[in-house]
Amino acid sequence: MYKKVIVVLSILSILGCKNESKPKIVSEEAEEGNIETPIRKLAKFEPKEGEVLLFVGQELEAVGGLEKYNDGYLDHFDTPAGWTTYTNINPGENSFGRTQEGLDGIWETHDWGDHDYNATLQLNDPDYANMALAIGLQFVNHEEKVADGTHDKYINKLGDFLLSLGKRPVFLRIAYEFDGEPWNHYDQESTIKAYKRMVDMLRAKGVTNTAYVWQSTGFMSPEDGQLEAWYPGDEYVDWLGFSFFNRWEDQRMIEFARKKGKPVFIAEASPTISDVDAKTTGNTIETQLSNPEQAEEAWQKWFIPFFKTIDENPDVVKAVHYINCHWDSHRMWFDNPTFKKIDARLQLSDSISKRWRTITSNPKYIKSSPELYDKMWNQVQ
């Protein structure tokens with residue numbers, strides 16, 4: 001046993017010399033010779049190395065599984081570990097003909113340009129039992145009011161909603177794509193203060209079923225210093241996230257997460273392929289998964305890199321969210337250079353569906369099960 005300990009510690013020492021950016025938190029089990037134990041503490045709801053929580057989103061039509069919305073992901077594939085919805089704290093803002101009220105799409109059906117959202121409708125449906133929930137929360141133009149307490153009533157109301165979910169695990173993406181200029185144009189200082197205020201208030205309210213996710217675009221902050229400037233602090237962040245769209249190669253969040261000792265949630269992902277002028281215009285090529293040629297190109301140029309990114313980073317990439325969206329049918333995206341020619345519904349392509357099922361049938365991809373909540377809670381330190 002003594003020799004085994006020396007060998008393990010020697011290996012860890014060598015690894016540390018090769019990659020000093022990774023946190024070296026060694027458990028008692030590792031010191032006793034169990035080299036399979038993680039070298040850092042797991043974050044809230046983080047699965048063990050090599051496992052990935054599979055989420056799907058983002059609106060009712062895309063997810064499906066409901067009486068009125070019955071041609072979405074849940075109607076064609078095994079139920080994933082969770083689904084994603086969106087809401088806001090920007091009362092009075094106009095969004096494609098709708099005046100937002102604040103926390104829209106949580107209790108009632110609302111369409112602010114991206115088709116229908118209603119988290120409560122999903123929560124009350126048996127098809128959504130044993131699924132975790134990821135919430136994208138934005139407050140563009142209202143970060144100062146969130147930061148200074150003007151919008152505390154919305155935070156308290158959100159806290160009541162989270163408490164009502166009991167043991168259902170929630171991933172709250174506060175000010176998602178915070179560096180998404182120009183579409184988000186968050187003020188950096190106010191956004192950091194708003195993020196912290198929200199986490200502090202929810203914790204003080206007794207919310208324990210929620211992991212806090214800090215999500216970048218993945219390409220707008222290509223340097224560590226830029227990401228660090230937005231970072232609220234280790235004590236306020238459980239997971240780091242980024243979006244996996246056409247400029248996925250420019251992301252630096254995975255390495256940044258290793259330096260912070262945090263897991264990564266690929267929090268938004270949908271097949272988009274850069275056009276020749278993408279870096280200056282944002283344009284992507286037409287990708288209709290119903291078109292066999294375009295579907296195959298999407299598989300080669302987007303799906304393969306997507307799964308490769310997951311497979312090559314098992315130590316940090318622990319959750320992914322596929323957006324199964326008919327993008328080009330939603331008003332919000334008609335003129336958007338990235339999504340205006342995209343239909344990412346997996347069920348439209350037999351070849352994509354078959355390969356998707358084959359890959360995600362691997363036990364590494366965690367899906368819904370009666371044991372899911374217990375398994376996720378057992379990971380909580």
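Select helices α11 and α12 together in this predicted model. Their axes come within 11 Å and cross at roughly 15°. Because angles under 35 degrees count as roughly parallel, α11 is roughly parallel to α12. The crossing in which α11 passes α12 is right-handed.

Next, display the side chains where the two helices meet. From α11, select A295, E296, W299, Q300, F303, F306 and F307; their partners in α12 are I352, R355, W356, I359 and T360. Colouring this contact by residue class shows eight nonpolar, two polar and two charged residues.

Now keep α12 alone, residues 350-360. Which of its residues are buried? Select I352, S353, W356 and T360 to see them. Turn the view to look down the axis of α12: these buried residues fall within an arc of 100°, so they line one face of the helix. On the other side of α12, select D350, K354 and T358, which are exposed.

To see what lies over the buried residues of α12, add the covering elements. They include strand β1 (52-57), helix α11 (292-312), strand β13 (317-323) and strand β15 (365-366). Helix α11 thus appears again, here as part of the cover.

Finally, move to helix α9, residues 253-260. Select M253, I254, F256, A257 and R258, which are buried in this helix. The last stop is G261, just after α9, where the backbone takes a positive phi of about 70°.

Definitions and conventions: Residues numbered from 1 in each chain as written. Predicted model: local features only at pLDDT ≥ 70, side-chain atom pairs only at ≥ 80, totals over all residues. Heavy atoms only, no water. Buried < 20%, exposed > 50% of the residue type's maximum accessible area, 1.4 Å probe, protein only. Helix = DSSP H or I, 4+ residues; strand = E, 2+ residues; numbered from the N terminus. Arc of directions from axis to C-beta. Contact = heavy atoms within 4.5 Å. Axes fitted to C-alpha atoms, helices over the stretch in contact; angles between N-to-C directions. Parallel < 35°, antiparallel > 145°, perpendicular 65-115°, else oblique. Left-handed = near helix turned anticlockwise from the far one by under 90°. Nonpolar A, V, L, I, M, F, W, Y, C, P; charged D, E, K, R; others polar.
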